[in-house]
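Visitor: Please take one part of this model and go through it closely, from its strands to what lies around them. I would like the cut-offs stated as you go.

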Amino acid sequence: MSLALALNCNYCFVSPKLKQMSDAVEVMKNLNRVPGVNYPVLIPNLKGYNTAKQYNIEEIAVFPAATEGFSKANLNCTVEESFQRVKQVADQAVKDGMRLRGYISCVVGCPYDGPVNPNVVANMTERLLSLGCYEVSLGDTIGVGTAGSVRRLMREVLSVTTPDKIALHFHDTYGQGLANLVAGLEFGIKTVDSSISGLGGCPYARGATGNLATEDLVYFLYGLGVNTNVDLVKLVEAGRYISNYLGKPTESRVNRVISDKFKDHRDIVRIAQCKV
């Protein structure tokens, strides 16, 4: 099995009224960029795009929702209105030679509208690809998905596109992130979003936790024999650093149980692969 991991750091150019994301401009202005790291920014509308463009960005992401309830809460507009905004941004981004990625929120369930029809997600995926997105990331925003619901979703979505155009974005609210990942891998999906120490969440999805923890994902992949070229010791150290800085416990199970005695990530890999 081959699976490539790309290092992306996402920032969101939204209204500064949303305090959790009000400092995106300051972050981008003061960022020390590292070669080989991608720095895409989330863009809700043309105003956000024009602001972000001032900071030497190379990739943007648009993020409509699969349900009316979440679209109104997160974007303050209907689903169709959000696509009108997305089209404006996409047209300008393509004209400017910008890389364009799409996200769809609430692909399995919605905190306002309940279960989501996979056919709706498939249609939205097709629309985003037609606007120039090189890839569409399917987001289980509230983390209610299971391997069964993910398989049903994959069958529908892959009736309109191919696995190389799809990424998976699982929140781990119910502890199903890795099981859902396995379901996606069965369909040939090779791109997965994750976050260090499982950070994240959403102000409009009460109770939802962050994304699948990167430490857990990498440990899992090494157990499958997938060489990600990611040093688990350094990854765990990075997770502990940001968790301590934020004053909150890590959500990564791997980070919690890996002790400081491991100085060489190959020792952790041997545990993951059950090698003696």
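Guide: A crossover is called right-handed if, with the strands pointing away from the viewer, the path from the first strand over the helix to the second runs clockwise. Helices (H or I, at least four residues) and strands (E, at least two) are DSSP runs, numbered from the N terminus. The model is predicted, so local features need pLDDT of at least 70 and side-chain atom pairs count only at pLDDT 80 or more, while totals for chains, interfaces and linings use all residues. Residues are numbered from 1 along each chain as its sequence is written, and side-chain values use heavy atoms, with hydrogens and water left out.

The part to look at is strand β8, residues 166-170. Here 5 of the 5 residues are buried (under 20% relative accessible area; exposed is over 50%, partly exposed in between; 1.4 Å probe, protein chains only). The strand is therefore largely enclosed by the rest of the structure. Ile166, Leu168 and Phe170 point one way from β8, and Ala167 and His169 point the other way.

β8 has two strand partners to describe, where two strands pair if DSSP finds at least two bridges between them. With β7 (residues 135-140), β8 pairs in the parallel sense over 5 bridges, and aspartate 140 stands opposite phenylalanine 170 in β8. The connection runs through helix α6 (residues 147-157): β7, α6 and β8 make a right-handed β-α-β unit. With β9 (residues 192-193), β8 also runs parallel, joined by 2 bridges. There histidine 169 of β8 stands opposite aspartate 193 in β9. Helix α7 (residues 177-185) completes another right-handed β-α-β unit with β8 and β9.

Further along the chain is helix α9, residues 232-246. Its 15 residues reach 21 Å from first C-alpha to last, close to the 21 Å expected at 1.5 Å a residue; the expected span is 1.5 Å times one less than the number of residues. Leu232, Val233, Leu235, Val236, Gly239 and Ser243 are the buried residues of α9. Seen down the axis, they fall within an arc of 160°, so they line one face of the helix; the arc is that of the directions from the helix axis to the C-beta atoms. That buried set packs against α8 (214-223), α10 (253-257) and α11 (265-272), where contact means heavy atoms within 4.5 Å. Lys234, Glu237, Tyr241, Asn244 and Tyr245 are exposed on the other side of α9.

The ends of α9 have their own details. At the N-terminal end, aspartate 231 acts as a cap, with a side-chain oxygen 2.9 Å from the backbone nitrogen of valine 233. A polar contact is a pair of N or O atoms within 3.5 Å; within protein, one must be able to donate a hydrogen and the other to accept it, and residues adjacent in sequence count only if both atoms are side-chain atoms. Just after α9, glycine 247 takes a positive phi of about 70°.

Two loop residues also have a positive phi. Most residues other than glycine have a negative phi. Asparagine 56, in the loop between α2 (46-52) and β3, has a phi near 55° and is exposed, with a relative accessible area of 58%. Asparagine 76, in the loop between α3 and α4 (79-95), has a phi of about 60° and is exposed at 66%.
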